[in-house]
Amino acid sequence: MSTTRPYPPGDLGPEPGSAGASAAPAPATPAGQVRRLRLAGTRGAVARGRDFARQALHDWGWLPAVGADQRAAAEDVLLVVSELVTNACLHAEGPEELRLRCTAKVLHLEVSDLGAGSPAPRSPHRPGRPGGHGMFIVQRLCLDWGVVRNADGTGKTVWAELAAPS
């Protein structure tokens, strides 16, 4: 079970200020702000992507974490960024770009690449075997994820959405 999903998939929880909302103030996230990092042809793409995401989380008030839920949400984002960028490095000729968009309830991330394959969790999942856990991790931590093919037929964008800390 995800540490960042206090509600079932698709249910983003109560609106801020409603009876079920937390008394703690929500982080000051610029609504819909998008951050982009060009990764094409760079070395150390996974570390660069993770550092870029960490800085965005800091700027958006997720870090430094003020509690266990916020810390877990930030760690989940960094892990999903690492997994998606790693998959692009290993299976898709390298990542082209990382994009992050944050709202009050959801962080949407995208990794674009020029690869033809489609990522999918290995089935059956075998926890005791090394490797092959990336998309299983993404599936477990995210509210939703998917793949969008580029219109010209070359490459794709793998996207994922994670719940903002409560």
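Here are a few exercises with worked solutions on a predicted model of a protein.

**Exercise 1. The overall layout**

Task: Find how many helices and strands the protein has, and in what order the elements run.

Solution: Start by counting the elements: there are three helices and five strands. Next, walk along the chain from the N terminus, and the order reads β-α-α-β-β-α-β-β. Now turn to burial: the protein has 166 residues, and 42% of them count as buried. Finally, take the contacts between residues at least 6 apart in sequence; 62% of these join residues at least 24 apart.

**Exercise 2. Helix H1 against helix H2**

Task: Work out how H1 and H2 are oriented to each other, and which residues make the contact.

Solution: Begin with the axes. Those of H1 (residues 45-59) and H2 (residues 68-91) come within 9 Å, and they cross at roughly 150 degrees. Since angles over 145 degrees count as roughly antiparallel, H1 is therefore roughly antiparallel to H2. The handedness comes next: H1 passes H2 in a right-handed crossing. From H1, the contact uses Ala45, Val46, Gly49, Arg50, Ala53, Arg54 and Leu57. H2 contributes Ala74, Val77, Leu78, Val81, Ser82, Val85, Thr86 and Cys89. Sorted by class, this contact holds ten nonpolar, three polar and two charged residues.

To see one residue of this contact at work, pick Val46, which sits in H1. Leaving out residues up to four places away in sequence, Val46 touches Ser82, Val85, Thr86 and Cys89. For the pair Val46 and Ser82, the separation is 36 residues in sequence, yet 5.7 Å in space from C-alpha to C-alpha.

**Exercise 3. Helix H3 and its buried face**

Task: Identify the buried residues of H3, and explain why they line one face of the helix.

Solution: First list the residues: in H3 (residues 134-141), Gly134, Met135, Val138 and Leu141 are buried. Then look down the axis of H3: the buried residues fall within an arc of 130 degrees, so they line one face of the helix. What do they pack against? The partners of the buried residues of H3 are H2, strand E4 (144-149) and strand E5 (156-163).

The packing of H3 on H2 can be taken further. The two axes lie 9 Å apart, at an angle of about 145 degrees. Their crossing is left-handed. On the H2 side we find Asp76, Leu79, Val80, Glu83, Leu84 and Asn87, which meet Gly134, Met135, Ile137, Val138 and Leu141 in H3. By class, that gives seven nonpolar, two polar and two charged residues.

**Exercise 4. Backbone details in the loops**

Task: Locate the cis peptide bond, and find which residue other than glycine has a positive phi near 65 degrees.

Solution: A useful background point is that most residues other than glycine have a negative phi, and most peptide bonds are trans. With that in mind, check omega: the bond joining Leu63 and Pro64 is cis, with omega about -5 degrees. Pro64 belongs to the loop between H1 and H2.

Now check phi. Glu93 has a value near 65 degrees, which is positive although the residue is not glycine. Glu93 is found in the loop between H2 and strand E2 (95-102). Is Glu93 buried or exposed? Its relative accessibility is 71%, so Glu93 counts as exposed.

Return to the loop between H1 and H2, where Gly67 also lies. Gly67 has a relative accessible area of 24%, so it is partly exposed. Gly67 and Pro165 are 98 residues apart in sequence, while their C-alpha atoms are 9.5 Å apart in space.

**Exercise 5. A serine in strand E3**

Task: Decide whether Ser112 is buried or exposed, and list what Ser112 touches.

Solution: Place the residue first: Ser112 is in strand E3 (residues 106-113). The cut-off for buried is under 20% relative accessible area. At 10% relative accessibility, Ser112 therefore counts as buried. As for contacts, with residues up to four places away in sequence not counted, Ser112 touches Pro95, Glu96, Glu97, Arg99, Lys156 and Thr157. One last distance to check in your viewer: the C-alpha atoms of Ser112 and Asn150 are separated by 9.2 Å, with their positions 38 residues apart along the chain.

Terms used:
Residues are numbered from 1 along each chain as its sequence is written. This is a predicted model: local features need pLDDT of at least 70, side-chain atom pairs count only at pLDDT 80 or more; totals for chains, interfaces and linings use all residues. Side-chain values use heavy atoms; hydrogens and water are left out. Axes are lines fitted to C-alpha atoms, for helices over the stretch in contact, and angles run from 0 to 180 degrees between N-to-C directions. Helices (H or I, at least four residues) and strands (E, at least two) are DSSP runs, numbered from the N terminus. Angles under 35 degrees count as roughly parallel, over 145 as roughly antiparallel, 65 to 115 as roughly perpendicular and the rest as oblique. A crossing is left-handed if the near helix is turned anticlockwise from the far one by less than a right angle, and right-handed if clockwise. Contact means heavy atoms within 4.5 Å. Ala, Val, Leu, Ile, Met, Phe, Trp, Tyr, Cys and Pro count as nonpolar, Asp, Glu, Lys and Arg as charged, and the others, Gly among them, as polar. Buried means under 20% relative accessible area, exposed over 50%, partly exposed in between (1.4 Å probe, protein chains only). The arc is that of the directions from the helix axis to the C-beta atoms.
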